[in-house]
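User: Please go through the model shown below, beginning with its confidence and then turning to selected parts of the chain.

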Amino acid sequence: MESEFLLLTKLLPRWKDIENVIQDEVEARYILKRATDHMENLQSRGDSQAEESRYLVCALVDRNWERIHTGHFSQVPLITRKIYALACYFKIFFLLLESTSPAQKELCSGILDEAQLLGCMDDWTELKAALMDYLDKGGDRDSVTLPILEPLTRISCTCDIPQLEAPSLEEFQTKCFQAGQPTLLLNTIQHWPALDKWMNLNYLLQVAGNRTVPIEIGSNYASDEWSQQLVKIRDFLSRQFGGDTNKTNQEIEYLAQHELFSQIPALKKDISIPDYCSISKENPPEAVDIKAWLGPAGTISPMHYDPKHNLLCQVFGAKRIILAAPSDTDNLYPHESEFLSNTSQIDAAHLDLDSYPLLEKVKFYELLLQPGDCLYMPPKWWHYVRSEAPSFSVSFWWE
Amino acid sequence: MPLLFTGFNAFGQHECISRDVDCAAGFSEINAPVSTQNQCTISIGFRYAALAFGRKLWLRGLLDDGPNECVTLKAAGDIKALAAGDSHCLVLLESGQLYRVQPKLQAELLVVRLEAPPRSNSGTKRSFFGAPKAPSSPIIEHIACGSHINVAVSSENAVFSIPSCLHQFAERQFRVKQLQCGHEHAVLLNVNGDVFTWGNGLRGQLGQPVLKVEETPQLMEALAGIKITQIAAGGWHSAAISAFGDLYTWGLNCSGQLGMRVMKPGGFLKEPTVYPLPQLQDLPECGCSKEAKSNEHDDDDCAPLRVFAGSRHTLLTRRCGRLWASGWCQHGQLGTQLQNRSYMDAFQALDGIRLNTCSDDVLCGPWSTLLSLKGSGN
């Protein structure tokens, strides 16, 4: 057994660490007790029980996958997501005991990503980082070379909402936050290393290429053609930005609304949470949700609204944005279904007044979001977003 | 009554008679605590199985600390039906009284008190002296449960989300034929052949065009006008068979449980994972009786007859007695011969099984399948 792998097993949770966490969970207690026993006594025991323990751990992963997919994700008890993450860790270790071949490591890294996406790993971040590091080593990847994007020349065009040049916190609070006024904030994220670094897509490939993320396929999430898939960032980047010229029947893929920065801490160092997000009616303010939006030209988020304050920061590329006030909700034809009730049926870029006559009454606001700009949107403001070029935006949501 | 089992049994929920696999499809015979000729009632939960005969009830599996734990209880009367859920098992007596029991070593049968349904048509009953009579507790005829749903239907067609009354079917002649639950939705079939669904439909479980939660039973418009004879509810999917011998499936298809193709990672063909409306399944020709009576072979001989569903798998019997299946098979729920695959996304015959369609029965646990063979066929 590799010594490096043995060192990793020392980071695995011990029975005494998790016993209290999973108190009333009969299945998890029985299975994780066996698994921790096995891992704590690796040298001293034979393999007679290994097969059964490994099977039980896999069953615990499957079982909690089902529990996580029952009911609304927001209602899933934290304990279920913790057990899922724990079971995934042990499944990975059992798989690595069988083999540490590159293919097996690749498989394990996929499991780790799923644990990250569905589970709750907050209690074991050190193990997560060490395991990710270990699994990323020795792969035969990065054979693709991606372009370094050219900076866009700034376009001056009409903007239907107020613009402020790097406002102070007080100014932001009175003119934007309290006034409920969508505003374009200029030159407020110039210090982000991301603005330069991420233009080189090979940097993103190197830091994040091996992670699996949810990708939206199809240009618009409200259309019937739309679907979602888990994909390695490497594959996504090379398909959407690689030198492949034959792009005629290529579908648009969009890494949208994903908490990329908790998954890949290295990328988080390239950005910082703007101070504006600390302004809140709550005291102390709730945590800020940071989401990544990366895709080629032509990705569309149809007219929709979100419940929280939103600061959308443009790292590279440009986005055409159309806004409408919450007071116009009744004139915007929201979808009936529960999933899409925050989404309008209209195509904001091509208004069809025959089918949707009430749109005549709506006041729309248009703007172009360019690199280094931030758009502040108060809660429930409707927005349509279309990328005009390969684009990376970071959004901050807070209450 | 031989019981043939296949699927997840890591907690000793079912006591295998031998370690040998019994038939070609990879089912094994399990032991029932009652003698062979007797018909017993069985329900399979995730970590335990419940089995009843007469007034006796057995719970077996992982109850408190480890596998193969077993408790025996005695009910106040003969047991008619069981519904094994995660946190409790519903126990219905022939008398129509409902009990529940937690799957643990110190298990106890506890009375379930149901809220009285509003009595709009009959008025308040009064005793001889004019005092209003306390409403008698409803007589329950059907039960079903999933991890997020518990349903009972009374003799007067009151539908309970235990313990509260959700709905009352007003029509006198309304008779419930089948009631089934998935993890979080319910499907009800009446003798007229109408299908009603309610509960969480965010994964297409309810067969309605709009994905949403329905608090009360809704008629499935998409099947209106088609007489349905059999239904099944899986974890997040549902299935129905019509009097014409057509099979419909709808809901989540993450593991091929609808018999619809699953999108392969990195594949070029896009397939939806959720089918909100019933999909008519064009089953492959059974082909079983071709050799036997090639001249008089009739397609109807192999028409789908009954359908059954586990968390992510679906089984159907055809008139010829063959068993067909689709869906998740990682834990052997479709027989150990398929265990090396993780799922099947098209219906396929399970070799070596021929059921007596009059007397044999099929039961699905979340990750398992049980055949109860009363006839001679095997």
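**Confidence and local environment**

Analyst: This is a predicted model. The mean pLDDT of chain A is 89, and 92% of its residues reach 70 or more.

User: In which strand of chain A is confidence lowest?

Analyst: Confidence in chain A is highest in strand β11 (residues 374-377), at 97. At the other end, with a mean of 80, is strand β4 (residues 227-232).

User: Is Cys108(A) buried or exposed?

Analyst: Cys108(A) lies in helix α6 (residues 102-118) of chain A. Buried means under 20% relative accessible area. Because the relative accessibility of Cys108(A) is 0%, this residue counts as buried.

User: Which residues does Cys108(A) touch, not counting residues up to four places away in sequence?

Analyst: A contact requires heavy atoms within 4.5 Å. With residues up to four places away in sequence left out, Cys108(A) touches Ile92(A), Leu95(A), Leu96(A) and Leu135(A).

User: How many residues of α3(A) are buried?

Analyst: Helix α3 of chain A covers residues 26-40 and reaches 21 Å from its first C-alpha to its last, close to the 21 Å expected. Its buried residues include Val26(A), Tyr30(A), Arg34(A) and Met39(A). The helix is mostly covered, and of its 15 residues the number buried is eleven.

User: What covers the buried residues of α3(A)?

Analyst: Among the buried residues of α3(A) are Ile31(A), Leu32(A) and His38(A). The elements of chain A that cover the buried residues of this helix include α2 (15-18), α4 (50-68) and α5 (78-98).

Methods:
Residues are numbered from 1 along each chain as its sequence is written. Chains are lettered from A and ligands numbered from 1 in the order in which they are written. This is a predicted model: local features need pLDDT of at least 70, side-chain atom pairs count only at pLDDT 80 or more; totals for chains, interfaces and linings use all residues. Side-chain values use heavy atoms; hydrogens and water are left out. Helices (H or I, at least four residues) and strands (E, at least two) are DSSP runs, numbered from the N terminus. Buried means under 20% relative accessible area, exposed over 50%, partly exposed in between (1.4 Å probe, protein chains only). The expected span of a helix is 1.5 Å times one less than its number of residues. pLDDT is the predictor's confidence in each residue, from 0 to 100.
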